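Biologist: I'd love to walk through this protein with you, one question at a time. Could you bring up the sequence and the model?

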Amino acid sequence: MTVSLAIADPQRNKTNPIGKPEQGNQTSITEFILLGFGDLPELQTLLFLLFLVIYIATVAGNVLIIVLVVADQHLHTPMYFFFGNLACLETWYSSTILPRMLAGPLTGDKTISFRDRTISFSACLTQYCFFGSMVATECLLLLVMSYDRYLAICNPLHYAARMSSRACLQLAGGSWIGGFLCCGITTLSISQLTFCGPNVIDHFFCDFIPLVKLSCNDPHLMETLAFTLSLFFSLVPFLFILMSYIFIITTILRIPSTTGRQKAFSTCSSHLIVVSIYYGTLLIAYMFPTTDILSDFKKVLSVIYAVLTPLVNPLIYSLRNKEIQEALRKACRIFMFGPC
């Protein structure tokens, strides 16, 4: 895996008609520089503390959800099985991005040496591989969770048969495998690119679009690949989720009991909130072309889906879910007073 940087060559970023870089004087490099939030050096300490608190809260909240789902027998249902998978994914998601942000490239403060903000090519590719896999897996997992709610509300008589333990394992396992296969394709494609310089990534983590922008290969093929994968792993699942919730809401409105309608809405509203936040930011970040005007805005969107979404998911599910609240109260009583 070779990354090359052209030096003293004004034609270094030109490509020939078939998209391969022109060869000139080149020297091998092994690192990129993550700028992070380079325009906010005066907020370095504040941002560090903020993201540190976010990381601790994210891990604590998601691990708590996992423990509750595993420990409480009342939560051993398909819906909470998928909640547990999502919490596990969010923990891994945050641990892929935030520790590296806290280690140096968070703000891009000029008082920090470039060495403190560098990342090797292999480490950058590894970070992207795991991060991209988590993104794709979450897209599929949210689709599976909407299918679970669709069956529970629109086809309750078939729910037990279609959401058996084996079916749940297959759906969750398929989401994880599909996510890693998707990102494996893009990671392999990036590893074949030639990087002609500069080696400065205007982002706070290694992502697909900033890496492709640094390549001296023709970007159209990679942009087409990114659009196609975004279409299948973001837009298509999002449209299926919207369709399922149209059926769900139509069914709920036909429930004669007010209590029944409220209970049905309560089980779906938290998932709908998460879907709206996650897919909304993701679609804008990856399916719209990156321009100078949108570059900083997409960086903000990246913070939302990569940092804030894993934080708010446990809060949304716990604050709006009576079963989770009851399991938490029960766990607190056991912790304080011991088992009765």
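Biologist: How many disulfides does the structure hold?

Modeller: Keep in mind that this is a predicted model. A disulfide is counted when two cysteine sulfur atoms lie within 2.5 Å. Cys 124 and Cys 206 meet that cut-off, with sulfur atoms 2.0 Å apart. The number of disulfides in the structure is one.

Biologist: Which parts of the chain does that pair link, and how many residues apart are the two cysteines?

Modeller: Cys 124 belongs to helix H3, which covers residues 121–154. Cys 206 sits in the loop between strand E5 (200–201) and helix H6 (208–214). The pair therefore joins distant parts of the chain, and the two cysteines are separated in sequence by 82 residues.

Biologist: Is the link of Cys 124 and Cys 206 left-handed or right-handed?

Modeller: Here we look at the angle about the S-S bond, which is -120 degrees. Both cysteines of the link are buried. As for its hand, the link is left-handed.

Biologist: And Cys 139: which cysteine has the sulfur nearest to its own, and how far away is that?

Modeller: Cys 139 is buried, because its relative accessibility is 1% and the cut-off is under 20%. Cys 139 takes part in no disulfide. The nearest cysteine sulfur is that of Cys 182, at 8.6 Å.

Biologist: Let's turn to Phe 208. Is Phe 208 buried or exposed?

Modeller: You'll find Phe 208 in helix H6. Among the residues touching Phe 208 from over four places away in sequence are Tyr 128, Ile 190 and Met 222. Its relative accessible area is 5%, and the limit is under 20%, so Phe 208 counts as buried.

Biologist: How far is the C-alpha atom of Phe 208 from that of Cys 129?

Modeller: Along the chain, Phe 208 and Cys 129 are 79 residues apart. In space, their C-alpha atoms are separated by 9.4 Å.

Biologist: Now the sheet: which strands stand at the edges?

Modeller: The sheet is open, with three strands in the order E4-E3-E5 and mixed pairing. Each edge strand has a single partner, so one of its sides is left without a neighbour in the sheet. The edge strands are E4 and E5.

Biologist: Which residue of E4 is the bridge partner of Glu 31?

Modeller: Strand E3, residues 31–34, pairs with E4 in the antiparallel sense over three bridges. Helix H3 lies across E3, E4 and E5, at about 85 degrees to E4. The bridge partner of Glu 31 in E4 is Ser 120.

Definitions and conventions: Residues numbered from 1 in each chain as written. Predicted model: local features only at pLDDT ≥ 70, side-chain atom pairs only at ≥ 80, totals over all residues. Heavy atoms only, no water. Helix = DSSP H or I, 4+ residues; strand = E, 2+ residues; numbered from the N terminus. Buried < 20%, exposed > 50% of the residue type's maximum accessible area, 1.4 Å probe, protein only. Contact = heavy atoms within 4.5 Å. Pairing = 2+ DSSP bridges. Axes fitted to C-alpha atoms, helices over the stretch in contact; angles between N-to-C directions.
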